[in-house]
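Here's a quick tour of one model, with a look at its cysteines, its core and a pocket. Load it up and follow along.

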Amino acid sequence: MRSLVLVANPFATRVTPEKLAEVEGVLARVADVTVVETAHPQHATELVREACGGGSEVVVVFSGDGGFNEALNGLGADVPIGFLPGGGTSVLSRALGLPAEPVAAAERIVDALEANRTRRITLGRVNGRRFAFSAGIGLDAEAVRRVDDLGRREDGRRPGDLAFALAVVRALAAQRMHVEPRLEIRGYGRAASAFVANGAPYTYAGGVPLAIVPDADFELGLDLVAPVRIRRRSVVRLAYTLLTGHARGGFIYAHDVDHLEISCDDPMPLQVDGEDLGDVQEAVFDAERGAVAVLH
């Protein structure tokens with residue numbers, strides 16, 4: 001049987017010792033499984049890099065989107081990778097069509113391994129950091145930071161979707177619901193914030209997919225949607241058009257591109273896959289087409 005490293009984040013919302021044991025048992029039907037658990041930020045990157053360097057033939061990650069992102073940043077070799085939804089949202093695994101229940105998702109991974117079934121997907125990269133489905137400068141990154149500032153609950157879990165929605169409102173309220181253009185997208189123009197994606201949906205609110213960048217496709221390059229400005233009188237309409245994927249007038253739009261450069265007037269927050277990367281004044285985005293083979 002082939003060798004498989006299962007990377008688990010014990011702090012993810014739905015990762016428990018019992019569920020981890022179930023998932024391991026399912027995967028062990030078709031592979032020699034080694035389980036490793038993350039203990040600190042960026043640990044999944046290290047563990048996946050070690051697994052690939054050590055000759056592992058398959059990597060499976062049981063985590064939320066933060067752990068998925070870290071794992072992809074450690075995936076140096078052309079090793080197939082699978083994702084088991086362990087987070088509260090787990091956008092990537094859901095967007096790839098995997099079941100929402102971790103054990104059912106593991107069964108799908110087993111089927112893929114038996115059938116040698118993989119899917120080549122594009123990854124994004126910004127300032128050297130890979131992302132699996134989305135990256136943003138401005139509004140959504142500010143909201144990510146506000147949620148992170150809330151800290152984790154006693155059980156180590158992050159706040160949920162409601163906390164994120166409230167964080168968006170508070171980020172807008174802090175600017176009196178009015179944001180003028182504050183960044184330049186080279187070749188496209190100025191905007192208030194920027195949403196970049198290589199897959200859809202951009203995120204979920206509970207069970208509801210939020211399109212935002214609706215034409216993004218894992219088999220294509222990068223897509224961009226950027227509101228030119230945010231005004232108090234039109235904030236509700238803007239939110240509706242963004243969340244339903246109907247952004248056109250008043251937005252900058254790009255589809256299936258390989259490269260984007262964004263310059264901020266002042267340092268602004270940057271997020272990838274829901275992870276805060278700090279403030280940046282320059283952001284260079286590239287598409288890595290067909291970068292990884294995903295089990296699905």
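## Cysteines

Searching the whole structure turns up zero disulfides. Keep in mind as you read on that this is a predicted model. For background, a disulfide is a covalent bond joining the sulfur atoms of two cysteines.

Two cysteines are worth clicking on anyway. Cys 52 has a relative accessibility of 14%, so it counts as buried. Cys 264 is buried too, with a relative accessible area of 5%.

## The largest nonpolar core

The largest nonpolar core has 28 residues, and the ones touching the most other members are Leu 72, Leu 75, Ile 81, Phe 83 and Leu 92. Quite a few elements chip in: β1 (2–8), α2 (43–53), β3 (58–63), α3 (65–74), β4 (81–85), α4 (91–95), β5 (118–126) and β16 (275–295) each supply at least two residues. The top contributor is α2, which gives five residues to this core.

## Zooming in on Ile 81

Ile 81 sits in strand β4. Is Ile 81 buried or exposed? Its relative accessibility is 0%, and because the cut-off for buried is under 20%, Ile 81 counts as buried.

Which residues does Ile 81 touch, not counting those up to four places away in sequence? The list is Val 59, Val 61, Ala 71, Leu 72, Leu 75, Ala 293, Val 294 and Leu 295. One of these partners, Ala 293, is 212 residues away from Ile 81 along the chain, yet the C-alpha atoms of the two are separated by 6.5 Å. Leu 72 and Leu 75 are also on that contact list, and they show up again among the core residues that touch the most other members.

## Helix α6

Next, hop over to helix α6, which covers residues 139–149. Its buried residues are Leu 139, Asp 140, Ala 141, Glu 142, Ala 143, Val 144 and Val 147. As a reminder, an α-helix has 3.6 residues a turn, so residues three or four places apart point the same way.

Just past the end of α6, check the backbone at Gly 151: its phi is positive, at about 80°.

## The second largest pocket

Last stop: the second largest pocket, with a volume of about 180 Å³. Its lining is made up of Val 228, Arg 229, Ile 230, Arg 231, Arg 233, Ser 234, Arg 237, Leu 238, Gly 249, Gly 250 and Phe 251.

How many of the lining residues are nonpolar, polar and charged? The split is four nonpolar, three polar and four charged. Arg 229, Arg 231, Arg 233 and Arg 237 are among the residues in that lining.

Note on methods. Residues numbered from 1 in each chain as written. Predicted model: local features only at pLDDT ≥ 70, side-chain atom pairs only at ≥ 80, totals over all residues. Heavy atoms only, no water. 1 Å grid on protein atoms, 1.4 Å probe; cavity = no way out; pocket = protein on both sides within 12 Å on 5 of 7 lines; lining within 4 Å. Points joined across faces, edges and corners; volume = space filled by probe spheres on them. Nonpolar A, V, L, I, M, F, W, Y, C, P; charged D, E, K, R; others polar. Core = buried A, V, L, I, M, F, W, Y, C linked by side-chain atoms within 4.5 Å. Buried < 20%, exposed > 50% of the residue type's maximum accessible area, 1.4 Å probe, protein only. Helix = DSSP H or I, 4+ residues; strand = E, 2+ residues; numbered from the N terminus. Contact = heavy atoms within 4.5 Å. Disulfide = S-S within 2.5 Å.
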